[in-house]
Each structure stands twice: as C-alpha cells, then as structure tokens.
Amino acid sequence: MTKPIKRVLLVLALFLVIEYLVLPQIGGLRNSLSLLDRVNVGFVALGAVLELLALISYAKLTQAVLPPDSRLGLWSVFRIDLSTLAVSHVLPGGAAAGTGLGYRLLVSAGVRGPDAGFALATQGIGSAVVLNVLLWLGLVVSIPLRGFDPLYGTAAIVGVIVIGGFSTAVLLLMRGEERAADLLCRIATRLPLLDGPTVRDIVHRLAARLRDLAADRGLVARAIFWATANWVLDAASLWVFVWAFGFRVGVDGLIVAYGLAYVLAAIPITPGGLGVVEAVLTSSLVGFGAPRAVAILGVISYRLLNFWLPIPLGGL
C-alpha cells in the first residue's frame with residue numbers, strides 16, 4: 001500500500017474516532033448514554049429511508065441532465081454516483097477526483113465525453129445553486145425571528161461566488177461562444193496533451209447542450225425538482241435523526257443550519273466537508289435550542305449514513 005493511501009486511511013480513521021468517541025464525551029457521556037437508551041428506533045429507520053431517497057433523487061438528477069440518446073438506466077446512474085461519492089469522501093478536495101471518476105464511468109457506459117462533462121457540471125453547479133437558494137430562503141424567514149449571526153455573511157459570500165461563477169460561465173457560452181472557443185483553443189495549443197481543434201469542438205458541443213437545456217423548460221423543471229428533492233430529503237433525514245433523540249428542530253432552524261453547513265463545506269478543506277459539516281451543524285442546532293448532547297448524537301448518527309456509508313458501498 002502506498003504512503004498517500006495509508007495517510008488518507010489514517011486521517012479518516014482519526015476522524016472516525018473523534019466523531020464517534022470524542023464528540024459524545026463533549027455532550028456528557030452519562031447524558032449521551034441515557035439518550036441512546038431512549039432513542040426512537042422507528043425514527044432512525046425513517047431517517048435511513050429518507051437518506052436512501054435523497055441518493056436516488058441525486059441519481060435522477062444525473063439521469064435528467066443526460067441527453068436522451070445517452071440516457072442510462074437509473075440503477076447504472078445510481079452506482080456511478082455512489083462510486084463518485086465514495087471517492088469524494090476519502091480525498092481532500094475529493095469533489096474534483098470524484099467528478100473525474102464519474103466522467104470516466106459515464107463514458108465507459110456509452111455517454112459521449114462532452115455530454116458526460118456537461119451533465120456532471122450541470123449536476124454539480126445546479127445542485128449548489130439550489131442549495132444556496134434554499135439557504136437564503138431560510139435566512140429570510142429566520143433572521144427577523146432569531147437575529148443575525150456573522151456566519152450567515154460568510155455563507156452568503158460563498159453563495160454569491162458560486163452563483164456568480166455559474167452565471168458568468170453561462171453568459172460566456174451563450175453570448176460569446178466563438179470568443180470563448182477561440183480563447184480556449186489558443187490556450188490549448190500552448191499546452192501539452194491538449195489539441196486546439198478538439199477543445200474548440202468541445203466548447204461548441206457544450207454551448208449547444210446549454211442552448212438545448214435552456215430551450216427545454218420541462219428538462220429545466222425536472223433538474224430543479226430533483227436537485228431540490230435531493231437536498232430537502234437529506235435535510236429531512238437530519239431532522240428525523242435529531243428528533244429520534246428527543247428534540248424537534250423548527251423548519252427555519254433546520255434549513256439555516258443545514259444550508260450553512262453544506263455551503264461552507266463547499267470550501268475544499270477536508271474530504272466531503274468532514275469535520276466542517278459536523279461542527280457547523282452541531283453549533284447551529286444548539287443555537288436553535290437543541291440540547292448539546294442531542295445535537296451531537298443526532299448529527300453523528302445522520303453523518304454515519306450521509307458520509308461514511310457511501311464509502312464502502314461506493315467501493316463495492
């Protein structure tokens with residue numbers, strides 16, 4: 001086993017120990033054990049079902065943005081997405097590596113390269129835009145009722161960067177296709193392993209797919225629906241896991257805590273936002289009234305399915 005792989009596994013093992021042995025100690029070991037005795041097993045099962053439905057919704061989003069002549073079956077897309085999640089959860093900045101693996105798997109399944117690249121980009125960026133919109137809606141409701149937190153500003157800045165970058169890329173391809181193709185072609189001719197005419201052809205293909213997407217309102221509606229379903233079902237899973245330990249979070253508090261955690265997790269510090277998501281979720285839920293022990297146990301139970309389980313399943 002190579003040293004980088006050993007190092008990654010060691011770091012993951014360290015986070016696993018911290019998350020499941022150290023964090024409950026912070027909430028109070030005796031209190032945490034008493035909560036485990038009273039946990040609602042039915043809610044835990046419901047949380048697991050909601051998490052599975054969130055993963056299926058993400059696969060439906062991938063399926064929706066593939067062109068009709070390259071559309072794969074749901075089971076194939078589900079396995080590809082699970083594999084990309086596994087990779088993104090074990091490597092720092094793993095979203096890039098996961099996207100690369102997803103691209104290779106889609107192409108090997110018969111999807112054309114430009115179509116696979118466009119689908120993955122649309123899936124990732126579109127999903128991020130929907131998450132930011134949900135967070136801002138939550139903030140609009142929550143701030144008048146509960147006040148402002150400096151963390152909201154940080155998340156808003158990240159959201160502006162994501163949506164601004166997405167909007168800029170769309171405008172460049174829709175209104176300046178030839179200029180973008182010429183610029184990237186000139187850059188490609190100066191770089192090794194890249195071919196200028198091939199890059200130009202890819203830019204034109206991407207622009208054509210973007211025009212098709214914009215013209216097909218039904219496709220846009222389906223993509224937005226499945227992206228929203230993915231986030232809402234995942235957030236609902238968190239809500240149920242916290243409720244299983246005895247505290248019911250308000251819907252506005254849930255959306256704000258969840259949105260803050262995952263918007264900040266987009267900053268590629270740790271694999272899949274490991275540590276960032278747990279810290280922001282726990283502190284935010286406590287701020288919205290949850291007892292600390294309940295927040296900790298609810299979050300780490302949720303993350304067991306949301307973050308850790310896709311690693312072995314994706315590997316398989």
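This report walks through the helix packing of one all-helix model and then stops at two single residues.

First, the ground rules. The model is predicted, so local features need pLDDT of at least 70 and side-chain atom pairs count only at pLDDT 80 or more, while totals for chains, interfaces and linings use all residues. Residues are numbered from 1 along each chain as its sequence is written, and side-chain values use heavy atoms, with hydrogens and water left out.

## Overall picture

The protein has 14 helices and 0 strands. Here helices (H or I, at least four residues) and strands (E, at least two) are DSSP runs, numbered from the N terminus. Of its 316 residues, 42% are buried, where buried means under 20% relative accessible area, exposed means over 50%, and partly exposed is in between (1.4 Å probe, protein chains only). The exposed surface comes to about 15900 Å², and carbon and sulfur atoms supply 71% of that. Those areas come from the Shrake-Rupley method with a 1.4 Å probe, and for residues only the protein chains shown count as cover.

Contacts, meaning heavy atoms within 4.5 Å, reach a long way along the chain. Among those between residues at least 6 apart in sequence, 71% join residues at least 24 apart.

## Helix pairs

Two packed helices are described by the angle between their axes and the distance between the axes. The axes are lines fitted to C-alpha atoms, for helices over the stretch in contact, and angles run from 0 to 180 degrees between N-to-C directions.

| Pair | Angle | Axis distance |
|---|---|---|
| α10 (217-244) and α13 (292-308) | about 135 degrees | 8 Å |
| α12 (276-287) and α13 | about 145 degrees | 9 Å |
| α3 (41-65) and α4 (74-88) | roughly 110 degrees | within 9 Å |

Start with α10 and α13, which pack at about 135 degrees. That makes α10 oblique to α13; angles under 35 degrees count as roughly parallel, over 145 as roughly antiparallel, 65 to 115 as roughly perpendicular and the rest as oblique. The crossing is right-handed, that is, the near helix is turned clockwise from the far one by less than a right angle (anticlockwise would be left-handed). On the α10 side the contact uses D234, S237, L238, F241 and V242, and on the α13 side V294, G298, V299, S301, Y302, L305 and N306. By class, that is 7 nonpolar, 4 polar and 1 charged. Ala, Val, Leu, Ile, Met, Phe, Trp, Tyr, Cys and Pro count as nonpolar, Asp, Glu, Lys and Arg as charged, and the others, Gly among them, as polar.

Helix α12 also passes α13 in a right-handed crossing. V277, E278, L281, T282, L285 and V286 of α12 touch R292, A295, I296, V299, Y302 and R303 of α13. This contact has 8 nonpolar, 1 polar and 3 charged residues.

Then there are α3 and α4, crossing at roughly 110 degrees, which makes α3 roughly perpendicular to α4. From α3 come L52, L55, I56, Y58, A59, K60, T62 and Q63, meeting L74, V77, F78, D81, L82 and L85 of α4. The split is 10 nonpolar, 2 polar and 2 charged.

## Two residues to click on

T84 sits in α4 and is buried, at a relative accessible area of 13%. Leaving out residues up to four places away in sequence, T84 touches G98, L101 and G102.

G250 is in the loop between α10 and α11 (251-265). With a relative accessible area of 30%, G250 is partly exposed. G250 and S142 are 108 residues apart in sequence, with their C-alpha atoms 10.0 Å apart in space.
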